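Dear colleague,

Please find below the structure for your attention. My findings follow directly after it.

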Amino acid sequence: MPPETNDRAAQLPEGSAAYYSGLPAVNPYAHSRVSGPFTVVVVRGEIDMAAVDALTEHLDAATSRPVPQVLVDLRSVDFLDCSGLRVLCRAERRAKERGGSLRLVSDQPRIHRLLRVSGLIGRFPPLAELPPECRPENGSGPCPQE
């Protein structure tokens with residue numbers, strides 16, 4: 001089997017937005033889109049040890065840009081454990097190292113409680129919703145179905 005068989009970039013259709021944006025392909029746990037100065041990473045489902053690699057792929061791509069401005073939308077997350085928190089902390093550190101920032105978007109009390117209990121609420125004060133310029137209905141570019 002040739003090495004490119006396992007190369008995710010080789011699997012992207014040439015006309016797709018992900019092909020041109022440098023963002024990873026949509027997976028069951030995350031998808032990303034660029035919206036103005038922001039990279040929005042929409043996370044969904046259960047984020048645990050089995051899902052962190054799929055999420056890490058999107059966060060690494062979002063934080064690899066110069067001065068990354070990343071919004072991580074957790075509103076469709078059903079469960080988040082300490083492995084998911086670790087990945088978010090790593091991504092936030094990467095963004096800061098490159099002169100950028102990472103913010104969480106969550107309207108879920110259980111996510112807020114987890115951030116408080118873990119002592120991360122000060123590091124990640126969640127936004128209740130995406131800023132207007134980052135919402136798909138405002139023409140912020142292609143957004144896969146959520």
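The notes below cover confidence, one helix and one loop residue.

This is a predicted model, in which local features need pLDDT of at least 70, side-chain atom pairs count only at pLDDT 80 or more, and totals for chains, interfaces and linings use all residues. Residues are numbered from 1 along each chain as its sequence is written, and side-chain values use heavy atoms, with hydrogens and water left out.

The average pLDDT (the predictor's confidence in each residue, from 0 to 100) is 84 for the chain, and 79% of the residues score at least 70. Residues 1-20 stay under 50, as do residues 140-146. Where pLDDT is low, the predicted coordinates should not be read in detail.

Helix α2 (helices are DSSP runs of H or I, at least four residues, and strands are runs of E, at least two, numbered from the N terminus) spans residues 52-63. Nine of its twelve residues are buried (under 20% relative accessible area, 1.4 Å probe, protein chains only), so α2 is largely enclosed by the rest of the structure. Among the buried residues are L55, H58 and L59. Their cover includes strands β1, β2, β3 and β4 and helix α3.

S106 lies in the loop between β4 and α4. With a relative accessibility of 1%, S106 counts as buried. Beyond its neighbours within four places in sequence, S106 is in contact (heavy atoms within 4.5 Å) with residues including L74, R75, H112 and P126. The S106 side chain also reaches the backbone nitrogen of Q108 at 3.2 Å.

Yours sincerely

Definitions and conventions. The expected span of a helix is 1.5 Å times one less than its number of residues. Buried means under 20% relative accessible area, exposed over 50%, partly exposed in between (1.4 Å probe, protein chains only). A polar contact is a pair of N or O atoms within 3.5 Å; within protein, one must be able to donate a hydrogen and the other to accept it, and residues adjacent in sequence count only if both atoms are side-chain atoms.
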